[in-house]
Amino acid sequence: MEPFRFHLFVCTQQKPEGVPSCPASGSFAVLDELDREIQARGLIRDVQLTTCGCMGLCDEGPIMVVYPAGVWYRRVHSSDVSEIVGTHLRDDKPVDRLIWNDAPAMKAMSVEHGEKFRAAIAVRDKAGMLPDRLDQMIRGYMPSRCILTALELDIFTAVGEGTNAEQIGTKIHANARAAGMLLNALVALGVLSKSGDVYQNTPESARFFVQGSKDNHRNGLLHTANIWHRWSTLTDSVRRGTRIPIDRDNTPEWTDNFIAGMQRNAKDRAPLVVKNLGTAGVRRILDLGGGSGAYSIAFAKACPEVHCEILDVPEVLPLTAEYVSKAGVLAQVSLRAGDMLHDDFGSGYDLIMLNAICHMFSEEQNRDVFRRARQALAPNGRLVVQDFILNADKTGPQHAALFALNMLVATDAGASYSEVEYVSWMKAAGFTEVCRINLPGPSDLIVGLAK
């Protein structure tokens, strides 16, 4: 049975650099072009496009198979896609020049590939060599550090429409030789291109990393660069059980980057939170540690009768004010300077939000915040926690487990917590009907009702 008229499989099995593979021959470019062409020709209801693992025909890649007829194409390039979609998928006429129909040769090549692969694995295993999966995890910091350094130096903006290493080095006040080494590594990572001595941004880097671009993420990503410096203290933090202070802590630049980073994460998630919580019966909201104000802004835009109050530390509020003003909701969002761990919350709120806040605090601090939030809510008001929620044994999801270490190196006593913990703390504070609301992405909601 085939629910679609055509079902395409494109090999995207990644292999070590220098080893023949479909991705090394351009299968991802083929995949992207197929997706564009299928949409452009209005065939998305007729064609299913699927990636797949190695078919054992790496020297002839990129390999693509079209079902239900089982037509095999080899050495497909992105320039071939328009013809394949127009002739085969639209007119049902396979492209003869790309077809590979020598079944005995295909089978022999695939079997030989499998035998060589298994033999190589056996040799590596007998020699006690480190598996590729572990080696890649251990060296995973290298690509990350290259891009973070490029962001810190604002290299992508310096590249502009295209220039050489010496000119870029001058712009970023760096050594030309060292800048060239970094630029070449960025080309190898696929975030720059190079022609002769001239480096250019890729469409992705021009869109997301260049100052002045509508979708520039650089400022928010500089918070990730700050986190990298904190993670360098992980060994000592594990020994001491808390963060190790570093020179970058709590500077104005750190605060700016932190809030920009939080805004980058929150602006897309805020409408999801509003959709899942709803605005029925919600008129007054207290947004604890609201940062950029993304969640208050989303509620204000969703309901003109809602008034939100953001409580945050004094050094953050000028940045909050900028985001709120830019969003055009100054009449519905007010700001209050304070410390949520010590200051009175007030009373009569229909909703109190803790978005990406609880992981900064210890269990005792969270229990106290929950207790005081319960006292500040109106009857039938709700406390909402959004965070990375661990499973019961705290070994996953992976993002939440790793984020617990992020809090170890960045806070005095913060951590990731489990659903069991959040539910028990809310119930101990007097909340009822405590439930979890799963959201797309890495964080979910825990909601408690104050009756």
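User: Which residues form one aromatic cluster with Tyr417?

Analyst: Phe370, Tyr422 and Trp425 join Tyr417 in that cluster. This is a predicted model, where local features need pLDDT of at least 70, side-chain atom pairs count only at pLDDT 80 or more, and totals for chains, interfaces and linings use all residues. Residues are numbered from 1 along each chain as its sequence is written, and side-chain values use heavy atoms, leaving out hydrogens and water.

User: What makes Trp254 and Phe258 a stacked pair?

Analyst: Rings of Phe, Tyr and Trp (its six-membered ring) pair if their centres lie within 6.5 Å; planes under 30 degrees apart count as stacked, over 60 as edge-to-face and the rest as tilted. Here the centres are 5.1 Å apart and the planes differ by 5°, so the pair is stacked.

User: And why is the pair Tyr417 and Trp425 called edge-to-face?

Analyst: Its ring centres are 4.9 Å apart and its planes stand at 70°, so it earns that name.

User: How do you know whether Trp254 is buried or exposed?

Analyst: Buried means under 20% relative accessible area, exposed over 50%, and partly exposed in between (1.4 Å probe, protein chains only). Trp254 has 14%, so it is buried. Phe258, at 22%, is partly exposed.

User: What about Phe388, why is it called buried?

Analyst: Its relative accessibility is 15%, so it counts as buried. Leaving aside neighbours within four places in sequence, Phe388 has contacts (heavy atoms within 4.5 Å) that include His359, Phe403 and Tyr417.
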